Amino acid sequence: MTSLSTSTLAALEEMLQNTARSAPAEYLPIYLSRGAIGEQLIGHLNPEFIPYLQDSLRKEAIALIAMGHDKLTIQLGKPRDLSNSLYQLANRMRLDGFIPGWRNEDFAWVDLNGHKYFRMERAAFRTFGFRSMATHINGYTVGNTIWLGRRSETKPTDPGKLDNLAAGGITADETPWVSARRELWEEAGVPEQISDQIEPVGRIHMRRPIAGRGFHDEQLYVYDLELADNFVPTNHDGEVSGFIEISLPEAAARILADEFTSDAAFVTANFILRRNK
């Protein structure tokens with residue numbers, strides 16, 4: 001238990017009620033067509049991209065992909081074939097300047113039963129509003145402090161913002177557990193004998209439009225990790241400029257002052273509220 005004012009806790013609670021926003025009405029829905037089974041809504045396309053895609057697909061079609069005036073339809077196929085078609089589409093958009101920050105790293109689209117239907121360049125997931133997955137780890141001490149990383153100023157998204165001890169996207173061939181332990185080593189220098197002790201505490205579904213980019217739809221797999229008082233994080237991958245260890249009341253104040261990335265703000269707020277029950 002930590003000492004936070006009732007008004008601060010209420011503000012964090014209110015913020016957590018707004019994690020998953022609906023796509024704006026002007027965004028074009030993207031459906032996965034399952035034939036006789038019907039269609040499943042799997043994404044949303046920024047209206048700024050619609051005229052380009054309509055013209056591009058009219059000039060040169062791509063297998064399994066059809067663009068109508070009111071929706072983009074992806075025909076269900078073998079995962080390999082579907083992935084190849086979506087890669088063609090994404091690469092075409094990249095070459096024409098619509099997908100910045102290409103990473104040469106795949107994410108997978110996974111249904112609610114855990115089945116992978118296709119894989120695609122991670123930078124394209126926001127472009128099409130496909131649901132991705134990420135891990136976030138709260139690193140805390142018995143003295144009720146929490147470790148936070150500050151994102152490098154060279155990061156393409158949210159440079160200089162506060163983040164969790166470690167966080168990152170779950171690649172196409174990873175589980176959340178594997179991803180969490182990898183990110184802990186790469187971003188914070190946490191060795192395996194410590195990262196083995198991560199505690200899964202739940203998921204947070206994030207959905208919001210990103211100006212000029214697309215629609216962010218991501219499942220955050222959240223873990224807690226107790227750290228020894230003498231442990232000091234060390235970044236290995238260049239994505240974190242430094243770390244701070246602060247009290248939970250200070251973390252709450254920084255959340256409300258908009259110093260965090262959106263995802264880390266929700267994950268940290270959730271941690272603070274759980275510690276104050």
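At 0% relative accessibility, Ala124 counts as buried, and this residue of the predicted model belongs to helix H4, which spans residues 122-128. Once the neighbours within four places in sequence are set aside, Ala124 is in contact with Ala90 and Ile99. Ala253, by contrast, is 129 residues away from Ala124 in sequence, and their C-alpha atoms are 34 Å apart in space.

**The sheet of E1 to E4**

Four strands form an open sheet with mixed pairing, and their order is E2-E1-E4-E3. Its edges are strand E2 (39-45) and strand E3 (65-67), each of which pairs on one side only. On average, and with direction ignored, neighbouring strands of this sheet are turned by 25 degrees against each other. Strands of a sheet pair through backbone hydrogen bonds, and the pairing can be parallel or antiparallel.

Strands E1 and E2 run antiparallel and are joined by 6 bridges, with Pro29 standing opposite His44 in E2. The hairpin of E1 and E2 has 5 residues between the strands, and Gly35 in this hairpin takes a positive phi near 65 degrees. At the other edge, E3 and strand E4 (residues 72-75) also run antiparallel, joined by 3 bridges, and here Ala66 stands opposite Thr73 in E4. Helix H2, made of residues 50-59, lies across strand E1 (28-33), E2, E3 and E4, and runs at about 120 degrees to E3.

**Helix H1 and its two sides**

Which residues of helix H1 (residues 6-16) are buried? They are Leu9, Leu12, Met15 and Leu16. Seen down the axis of H1, these buried residues fall within an arc of 120 degrees, and therefore they line one face of the helix. An α-helix has 3.6 residues a turn, so residues three or four places apart point the same way. The buried residues of H1 pack against helix H7 (248-256) and helix H8 (262-275), whereas Thr6, Ser7 and Glu14, on the other side of H1, are exposed.

**Aromatic pairs and charges over rings**

The structure holds 12 aromatic pairs. A pair of aromatic rings is described by the distance of the centres and the angle of the planes. The table gives these values for two of the pairs.

| Pair | Centre to centre | Angle between planes | Arrangement |
|---|---|---|---|
| Phe49 and Phe98 | 5.7 Å | 85 degrees | edge-to-face |
| Trp109 and Tyr117 | 5.6 Å | 70 degrees | edge-to-face |

The pair of Phe49 and Phe98 links distant parts of the chain, 49 residues apart: Phe49 is in the loop between E2 and H2, while Phe98 is in the loop between helix H3 (79-95) and strand E5 (106-110). Why does Phe49 count as buried? Its relative accessibility is 3%, and the limit for a buried residue is under 20%. Phe98, at 21% relative accessibility, counts as partly exposed. In the pair of Trp109 and Tyr117, both residues are buried. Trp109 and Tyr117 also belong to one aromatic cluster, which they form with Phe107, Phe118, Phe125, Phe128 and Phe130.

Two charged side chains are placed over aromatic rings. The charged end of Lys71 sits over the ring of Tyr31, at 5.8 Å from its centre, and Arg94 lies over the face of Trp102, 4.9 Å from the ring centre.

**Positive phi outside glycine**

Most residues other than glycine have a negative phi. Leu64 nevertheless has a positive phi of about 75 degrees, although it is not a glycine, and is found in the loop between H2 and E3. With a relative accessible area of 27%, Leu64 is partly exposed. Asn144, also a residue other than glycine, has a positive phi, near 60 degrees, and is found in the loop between strand E7 (131-140) and strand E8 (145-151).

Definitions and conventions:
Residues numbered from 1 in each chain as written. Predicted model: local features only at pLDDT ≥ 70, side-chain atom pairs only at ≥ 80, totals over all residues. Heavy atoms only, no water. Helix = DSSP H or I, 4+ residues; strand = E, 2+ residues; numbered from the N terminus. Buried < 20%, exposed > 50% of the residue type's maximum accessible area, 1.4 Å probe, protein only. Contact = heavy atoms within 4.5 Å. Pairing = 2+ DSSP bridges. Axes fitted to C-alpha atoms, helices over the stretch in contact; angles between N-to-C directions. Phe/Tyr/Trp six-rings, centres within 6.5 Å; stacked < 30°, edge-to-face > 60°. Lys NZ or Arg CZ within 6 Å of the ring centre and 35° of its normal. Arc of directions from axis to C-beta.
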